[in-house]
Structures are given as C-alpha cells and as structure tokens.
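Visitor: I'd like a quick tour of this one. Could you walk me through it?

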Amino acid sequence: MNVLWLQSGGCGGCSMSLLCADTPDLPGTWRDAGIRLLWHPSLSLETGVDVITLMEDVLADRLRLDVLCIEGALLRGPNGTGRFHMLAGTGLPMIDWVQRLSAKAHLVAAVGSCAAWGGITAGGDNPTEACGLQHEDEHPGGLLGESFRTPGRPGTRAEWPVINIAGCPTHPGWVLDTLMALAADALTPADLDALGRPRFYADQLVHHGCTRNEYYEFKASAEQPSDLGCMMEHMGCKGTQAHADCNTRLWNGEGSCTRGGYACISCTEPGFQAPGHAFHATPKIAGIPIGLPTDMPKAWYVALASLSKSATPKRVKHNATADHVVVPPAIRRTRLK
C-alpha cells in the first residue's frame, strides 16, 4: 500500500508523536504490514526535484497512490489564493497540490486535528484562512468539500470520506493501527464515526480508564493542578466528553494528560482550540458545570452529584485536595461468612 505523507500548516507534532510509536523498528513495522512510505518530509531522504517528480508521477498515473496522508491545516489565505503556503520549487500553493493529489488517491487521511478540522492553526481570527480537509471545525466542507469521496483500495468498491485521525497530536497507535488496517483491507467506511474518525479509538471516552475515576464518582474535586481529585468540576477537564482511548491506550506505554495532572482539553473534537474559556477552568451556571458527561441529562447529574458528595468517604475527600495519598484505604477482611 503506497502512502504519501505531506505536511501543511501546523507544528509537525503528529510526526513527532509518530516517532514514539511502540515499536523498536518503525520502518520495519510498516514494511511487514505491507505499507510502502513513498515520502515523508522528516523520515525520507528525497528532497527537492525528486519529491516533485514523485508527485508528478502520481498525477500522471505512473505511480499508484493508495493513501494520501495530510498533516497540518490547509491554508487558503490570503483571500482564497493559498499563497501563504507555497510548495517550494513548484510555484503552486500547497492547497493546489493537495486537491490534485486527493483526486488521484484511493484514500485520503487527515492526520491530526489541524488536518481534520483546522485545529490550533485555525484559532483566533484565523488570518491564514486555515481549515481541515473536509471540515471547518464541526461544519462539513473544508478544502475538499462535503461531497468529496474516494473509491477506496482496488477491489473494495466502497466510497470513502476523508479519514480523520484526529488528535493534537495524534497517538502514534491511532495512526499505525489505521494504516495497517487499511493495508489489510480490515477497515471500512462503517468503521468511521459520524465525524470520520476511526471508531476503534473514537467510540471510547478519555474518561474510560482514568485513574481519577473514584474521585469523579464521589465528586471529590481537585482545586489546584497538583491535587489528586477529579478535574472536571473546577479544572476544566473534558474527559467525560472527549472521544479517545487515552487512558486505556497509554502514551509512551504509561502516561496520559490526566495521569500527568493535566485536564483533558478534548483535542480530538472540532473547535477544541477555542472553547470560549481558559483551558484550565470549568465554566458553570449556578455552580453547575456547563460541559456535562456525554449523554447525561443535566437533572440526573445534579441529583447524582448531590448524593455522591454526601456519601464521599473521608479518605477520598482528604486525598482529592492533596498531591499524594494522605489517607490509605482501610484494611478490612473481605471473606464472606
């Protein structure tokens, strides 16, 4: 499976994350999975004329392009010309190359939230007119348009939207698993969620597997960054709303944002870059957080939160506002008689 990886407007963080993949031999892993990396701006030796020739071969149908991976937002400015980001040596904007190559690719993948929705690059007043490949934040469209589809791998007979491997950055496992599943013809359009994200990670919530779940259950909340308690009520955590498996598929084999003491900012979702409040703060109305857990009616949350707080064990309450376990669990006999 031939894969071409291009970088557009962004920081390159998804490529840096990819280098932390849980394998001692990344090129060997791809090769064993049947993936041939035609070119990557950081991982390939070819530069300049060689790369331009490769892309021209794709456009002239002399080289098959199975998957076009785009990292970074598409910069349409100024005034829709795309001239804020010219591809060196070609005299053409990057968005022109992406549009032409997308028309030749069997599959197109947006690697990271910038390529998927616009992401950080589209934040603020968005002077570069940044957007995603097929979305502009949560709105369908983007550079390629809502109706854009690719034919899929030869013999599969399926129409595909852009595959949005969203995250800021993406977990290396999300990228590797998606590409390897595509190479094995083990992924179908039905395996994408409503926003085009692979469901193997997007059908999960960051809340699943969070080490702070006991504090969440009793609404025993952290009050400052070093506290052990749940960060939803006061510290801006959106782990109960964010679609990702960060606490069950750990980063570098052992970490996640919440395990490191940082609130989940929901970086796999459209618009995460401009939540309308500070990332470390939880906006509230009448003391109730606005961003409640996914699928939970507000009245239920208020009732359960009140009951949970009244039943909070002293151990949980004390530990929630400490930076280490102050009160350990009680030792009790658990045998049934």
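Visitor: Which residues lie nearest the centre of the largest cavity?

Guide: First, a caveat: this is a predicted model, where local features need pLDDT of at least 70, side-chain atom pairs count only at pLDDT 80 or more, and totals for chains, interfaces and linings use all residues. Residues are numbered from 1 along each chain as its sequence is written, and side-chain values use heavy atoms, with hydrogens and water left out. A cavity here is a set of points, on a 1 Å grid over the protein atoms alone, where a 1.4 Å probe fits but cannot get out, and lining residues have an atom within 4 Å of a point. The lining of the largest cavity has 14 residues, and those nearest its centre are His207, Cys210, Cys230, Met231 and Cys237.

Visitor: How many salt bridges does a search of the whole structure find?

Guide: The test is a side-chain nitrogen of Lys or Arg within 4 Å of a carboxyl oxygen of Asp or Glu. One pair that passes is Asp61 and Lys104, at 3.2 Å, N to O. For the whole structure, the search comes to 13.

Visitor: Why does the Asp61 and Lys104 pair tie together separate parts of the sequence?

Guide: The side chains of Asp61 and Lys104 meet in a salt bridge. Asp61 lies in the loop between α3 (49–59) and β3 (67–71), while Lys104 is in the loop between α4 (94–102) and β7 (107–111), so the parts they tie together are apart in sequence by 43 residues.

Visitor: Which residues are linked with Asp66 in a network of salt bridges?

Guide: Arg64 and Asp66 pair up at 2.9 Å, N to O. Asp185 and Arg153 also meet, at 3.4 Å, N to O. That pair links distant parts of the chain, 32 residues apart. Linked with Asp66 in the network are Arg64, Arg153 and Asp185.

Visitor: Is Asp66 buried or exposed?

Guide: Buried means under 20% relative accessible area, exposed over 50%, and partly exposed in between (1.4 Å probe, protein chains only). Its salt-bridge partner Arg64 is partly exposed at 43%. Asp66 has a relative accessible area of 0%, so the verdict is buried.

Visitor: What is the relative accessible area of Trp300?

Guide: Trp300 sits in helix α9 (residues 298–310); helices are DSSP runs (H or I) of at least four residues, numbered from the N terminus. Trp300 counts as exposed, and its relative accessible area is 58%.

How values were computed:
1 Å grid on protein atoms, 1.4 Å probe; cavity = no way out; pocket = protein on both sides within 12 Å on 5 of 7 lines; lining within 4 Å. Helix = DSSP H or I, 4+ residues; strand = E, 2+ residues; numbered from the N terminus.
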